[in-house]
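Reader: I have a structure to look at and little idea how to read it. Could we go through some features in turn?

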Amino acid sequence: MANKVYNFSAGPSVLPEQALKEASAACIDFENSGISILSMSHRSKPIDNMFAETEEYLRELMGIPENYDIVFLGGGCSLLFCMLPMNFLNQDATADYALTGVWANKACKEAKLFGNVNVACDTKSETYSRIEKNLNLSDNASYLHITANNTIYGTEWQSFPKPKSGFLMADVSSDFLARKINVSDFGVIYGGAQKNISCAGVTVTIIRKDLLGKVDRTIPTMLNFQTHIDAKNMFNTPPVFAVYVMNRTLKWLKEFGGVEAIEKLNREKAALLYSALDASKVFVGTAAKEDRSIMNVPFVFNKDVVAADKADDLAKEFLEFAKARGLQQLKGHRSVGGFRASIYNAMPMEGVQALVDCLGDFEKKVLA
Ligand SMILES: Cc1ncc(COP(=O)(O)O)c(C=O)c1O
């Protein structure tokens, strides 16, 4: 196996080496306390300070105004799919959901348990390969829900839609801090951390303060965002280690130059990979060009060059070929097939260049 491994996994994903080293050291001794971070009380001063610092990093990097609260929770983004409508959608009210992929559908399914849902768009018949901009919005929606970046299909909203009524709610799991967004355009921004900002185990929800407390239902204590805001994310034992990995990853990002600098690199990485795919005779990207994600790049074999009955064997061969060069986790999601390269913040340009070289060399082999 090649010495250097580049991990293109869609999530959990590549994290900055510096953050991993610092987090590893903290597992033995957190900030010279002689105690592992894994064994330290969440009520202790060092952990309290670390949470405050993590929130500060997030506020600074994303430009989160004071009128927004930040909630760190376990349970995964899938728990937020139900918590959000439970906290923001009344039984007799309506929420608009833009169905641009599997995760949007999962979010929508949960919302139906709590109120009415209007499907603002649904591109399922096109295997979610593009983002529909012509939305069918309701007059009195409590909010419009979007998935900012569709991890599986490799599409992203290049500019965000404006809700007709209510506020904009976005799942940013797979493009958290990958590009500059204007937080004030959103009422709620949320996502799992395990792609761009930490390991699995913690989610981040950013909530405009005036939006909570408007639903009539009784919300179980643990599922009420207000509980966690009031308790400063210490209502129960929070996922301390995952928050610390986030802290170190955000510190790395700040040192890197912040979101503007990483967005520039992300766009350069994506441009390099897409131009290689566009020039390729053997591989072809699956997402509509104008909606292409800078984080997740799905691609398949060109059907005109690779016959359908040869594709499975050749796909295995390509994955082995890539793996031998240290390029791992390139298998596509089952609903798109083929391959997917996730090129999150911590993927260096060298990794993308290595992939582009690999695609070129494999192509030569196939066409020989
Ligand atoms: C955009 C998006 N939302 C939600 C999820 C679900 O996250 P979790 O596994 O944390 O529930 C994923 C997982 O890949 C995702 O990509």
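Reader: Which side chains are joined by a polar contact of 2.8 Å?

Author: A polar contact is a pair of N or O atoms within 3.5 Å; within protein, one must be able to donate a hydrogen and the other to accept it, and residues adjacent in sequence count only if both atoms are side-chain atoms. Here the side chains of Asp96 and Asn118 make such a contact, at 2.8 Å. This is a predicted model, where local features need pLDDT of at least 70 and side-chain atom pairs count only at pLDDT 80 or more, while totals for chains, interfaces and linings use all residues. Residues are numbered from 1 along each chain as its sequence is written, and side-chain values use heavy atoms, with hydrogens and water left out.

Reader: Where does Asp96 lie, and what does Asp96 touch?

Author: Helices (H or I, at least four residues) and strands (E, at least two) are DSSP runs, numbered from the N terminus. Asp96 belongs to strand S3, residues 94–99. Contact means heavy atoms within 4.5 Å. Not counting residues up to four places away in sequence, Asp96 touches Asn118, Ala120, Leu137, Ser138, Ala141, Tyr143, Leu144 and His145.

Reader: Asp96 is an acid; which side chain of opposite charge is nearest?

Author: Side chains of opposite charge can pair when their charged atoms come close. For the count, Lys and Arg are positive and Asp and Glu negative; His and the chain ends are not counted. A salt bridge is a side-chain nitrogen of Lys or Arg within 4 Å of a carboxyl oxygen of Asp or Glu. Buried means under 20% relative accessible area, exposed over 50%, and partly exposed in between (1.4 Å probe, protein chains only). Asp96 is buried yet has no salt bridge, and the nearest side chain of opposite charge, Lys164, is 7.7 Å away.

Reader: How many salt bridges does a search of the whole structure find?

Author: The search finds 22. One of them joins Lys45 and Asp48, with the closest N and O atoms 3.8 Å apart. These two residues are separated by about one helical turn, because they are 3 residues apart in helix H2, residues 45–62. Lys45 is exposed, at 56% relative accessible area, and Asp48 is partly exposed, at 35%.

Reader: Which salt bridge links distant parts of the chain?

Author: Lys133 and Asp291 meet through their side chains in a salt bridge of 2.5 Å, N to O. The pair links distant parts of the chain, 158 residues apart: Lys133 is in the loop between S4 and S5, and Asp291 in the loop between strand S11 (283–285) and strand S12 (296–301). Lys133 counts as partly exposed at 48% relative accessibility, whereas Asp291 is buried at 1%. Salt bridges that share partners also join Glu22, Glu53, Arg248, Lys251 and Glu255 into one network.

Reader: Which residues are around the ligand?

Author: A residue is near a molecule or strand if one of its heavy atoms lies within 4 Å of it. The residues around this ligand are Gly76, Cys77, Ser78, Phe81, Trp103, Thr147, Asn149, Thr151, Asp171, Ser173, Gln194 and Lys195. Helix H3 (residues 76–88) supplies the largest share of that shell, 4 residues.

Reader: What do the polar side-chain atoms of Asp171 and Lys195 lie close to?

Author: A polar side-chain atom of Asp171 is 2.6 Å from a nitrogen atom of the ligand. For Lys195, a polar side-chain atom lies 2.7 Å from an oxygen atom of the ligand. Accessible areas come from the Shrake-Rupley method with a 1.4 Å probe; for residues, only the protein chains shown count as cover. On its own the ligand has 400 Å² of accessible area, and the protein covers 85% of that.

Reader: Which backbone angles should I look at, for example at Pro12 and Asn233?

Author: A cis peptide bond joins Gly11 and Pro12, with omega about -10°. Pro12 sits in the loop between strand S1 (6–7) and helix H1 (17–28). At Asn233, phi is near 65°, a positive value in a residue other than glycine. Asn233 is in the loop between helix H5 (225–230) and helix H6 (240–256), and is buried at 6% relative accessible area.
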